[in-house]
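These are my notebook entries on a structure I consulted. I looked up the sheet first, then a helix, and then the relation between chains.

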Protein chains: 4
Amino acid sequence: MAGLERISMTIEKDLIEKFDEMRTRNNLPNRSEAFRDLIRQRLVEEEWEQNSIESVATVTLVYDHHKKEISDKLVTEAHHHHGMVMASMHIHLDAHNCLEVIALKGMPEELREFGEHLIGIKGVLHGKFVMGPPFSK
Amino acid sequence: MAGLERISMTIEKDLIEKFDEMRTRNNLPNRSEAFRDLIRQRLVEEEWEQNSIESVATVTLVYDHHKKEISDKLVTEAHHHHGMVMASMHIHLDAHNCLEVIALKGMPEELREFGEHLIGIKGVLHGKFVMGPPFSK
Amino acid sequence: MAGLERISMTIEKDLIEKFDEMRTRNNLPNRSEAFRDLIRQRLVEEEWEQNSIESVATVTLVYDHHKKEISDKLVTEAHHHHGMVMASMHIHLDAHNCLEVIALKGMPEELREFGEHLIGIKGVLHGKFVMGPPFSK
Amino acid sequence: MAGLERISMTIEKDLIEKFDEMRTRNNLPNRSEAFRDLIRQRLVEEEWEQNSIESVATVTLVYDHHKKEISDKLVTEAHHHHGMVMASMHIHLDAHNCLEVIALKGMPEELREFGEHLIGIKGVLHGKFVMGPPFSK
């Protein structure tokens with residue numbers, strides 16, 4: 001393990017308060033250690049994306065199907081990138097809301113770009129891109 | 001096994017010829033036996049539908065996503081029947097064609113009615129309803 | 001339309017009785033016409049399988065997951081044929097029973113062979129193979 | 001916006017170096033701002049989990065199906081929690097690796113607990129839990 005370095009930063013008062021409350025709830029007494037965990041998690045995902053090896057990813061979307069013909073937009077997008085989209089699963093949560101999970105394969109950079117694009121479609125209430133490991137077909 | 005009965009029927013010449021060719025390809029030398037198999041298969045499905053017990057079913061659809069906003073129609077239909085639709089899976093076959101499999105649960109009669117309705121949506125190239133057995137949630 | 005031919009066959013008494021009851025329930029007054037429908041349906045599927053063009057198919061399975069490690073068998077089978085298996089969807093119907101739908105692509109003959117093989121795995125309570133149309137990736 | 005606070009912490013030298021390199025690649029010149037983003041993301045997920053409202057979540061898993069009968073373990077786990085598991089999708093990436101996405105609904109706390117448990121199953125190469133928003137069935 002390399003030596004430790006002392007760094008400092010400015011942060012909004014209410015943000016650091018909420019962070020400290022979260023640490024208490026989650027039993028993370030050491031603030032520096034909690035910060036280091038956040039950084040490590042971020043770097044792991046970053047590392048995979050540095051590789052130029054075909055990888056998998058999933059995109060989780062929640063949207064209201066009444067709004068703006070999102071289903072058609074998603075299908076159209078998926079077909080324009082149909083080499084990247086392996087399959088998707090759709091669950092009708094209630095009379096309004098859909099959960100859709102889309103499984104992708106491709107180069108890490110294009111996966112993230114396409115994933116972020118899907119999440120950004122107007123009417124999507126919630127979206128999350130999950131980068132997976134490389135694989136060898 | 002009950003006694004045999006001799007029945008007769010009229011059938012188009014080319015249809016019975018194709019049926020006989022099919023029997024040859026599939027190694028089914030006995031024409032009566034081949035007919036009886038068709039009837040038995042039909043009756044098994046029928047039997048499940050006679051039950052008034054909650055059952056499962058799947059609908060397999062192939063359609064061209066460019067045509068007539070079918071994806072939106074399917075999602076809208078599914079939400080109107082969201083108690084019946086458990087989940088669906090969508091695969092982009094090529095730049096045009098989609099394969100969609102929809103898993104349903106409900107009373108046999110309403111399952112078939114909804115399944116046939118989905119298959120009948122304008123633009124669906126191919127559809128098949130598969131009745132499954134009853135289950136107890 | 002070609003000319004009509006009169007054919008006759010032998011059939012178990014109780015089978016033809018059930019068939020006639022089914023026709024009554026389904027409003028199919030003409031017995032010959034009901035037979036011709038069964039034959040036509042069978043021939044359509046047969047026709048697709050005659051083609052040597054890459055096609056899609058789905059397999060619907062219901063099984064009790066407690067029995068005989070079926071899930072592992074299915075996954076192992078799917079990996080041995082992973083060029084053929086596009087994706088599968090799994091729904092837990094209750095504490096015992098699973099619904100699994102498997103989407104396949106490949107040559108019609110190998111699709112049916114693999115589909116029938118899956119349905120025949122010991123412990124599968126119900127299975128149905130659905131042949132789909134050819135597609136061009 | 002509340003006032004700013006200056007905080008300091010200790011961090012491994014190589015970790016902060018990698019973090020700075022990542023910021024450069026991603027065009028995030030301000031180190032404090034990059035930290036604040038990490039914190040905010042963490043808090044948003046946390047917030048949803050504070051709610052005691054039925055919510056959705058997905059779990060993305062990558063595993064080698066040859067190892068340790070993971071498929072059977074996953075199916076068994078899913079059935080033990082079948083009120084929580086809505087459906088799952090399985091894709092065979094290559095002769096060894098599977099991608100599985102599992103859609104869950106339930107109380108936020110139990111969702112995370114079950115999700116972390118699945119990710120922790122021996123043989124899982126990669127797993128990620130994504131908390132979704134509350135919904136009203």
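Entry 1. Which residue of E4(A) does Val62(A) stand opposite? I worked from a predicted model. I found Leu99(A) in E4(A) opposite Val62(A).

Entry 2. I then looked up how these strands of chain A are joined. Strand E2 (residues 55-64) of chain A pairs with strand E4 (residues 97-106) of chain A over ten bridges, in the antiparallel sense.

Entry 3. I followed the sheet across the chains. The sheet is open and has eight strands, in the order E5(A)-E2(A)-E4(A)-E3(A)-E3(B)-E4(B)-E2(B)-E5(B), and the pairing is antiparallel. At the edges I noted strand E5 (124-134) of chain A and strand E5 (124-134) of chain B; each has a single partner strand, so one side of each lacks a neighbour in the sheet. From one strand to the next, the twist averages 15°.

Entry 4. I next asked what lies across the strands of chain B. Helix H4 (residues 108-119) of chain B lies across strand E2 (55-64), strand E3 (85-92), strand E4 (97-106) and E5 of that chain. I recorded an angle of about 170° between helix H4 of chain B and E5(B).

Entry 5. Finally, I compared chain D with chain A. Chain D is superposed on chain A by a rotation of 180° with 0.1 Å of shift along the axis, at an RMSD of 0.1 Å. This is the relation of a two-fold axis. I noted that the same surface serves both copies, since 100% of the contact residues of chain D recur in chain A. Within chain D, the residue that comes closest to the rotation axis is Ser8(D), with its C-alpha at 2.0 Å.

Conventions: Residues numbered from 1 in each chain as written. Chains lettered and ligands numbered in written order. Predicted model: local features only at pLDDT ≥ 70, side-chain atom pairs only at ≥ 80, totals over all residues. Heavy atoms only, no water. Least-squares fit on C-alpha atoms with pLDDT ≥ 70 in both. Contact = heavy atoms within 4.5 Å. Pairing = 2+ DSSP bridges. Helix = DSSP H or I, 4+ residues; strand = E, 2+ residues; numbered from the N terminus. Axes fitted to C-alpha atoms, helices over the stretch in contact; angles between N-to-C directions.
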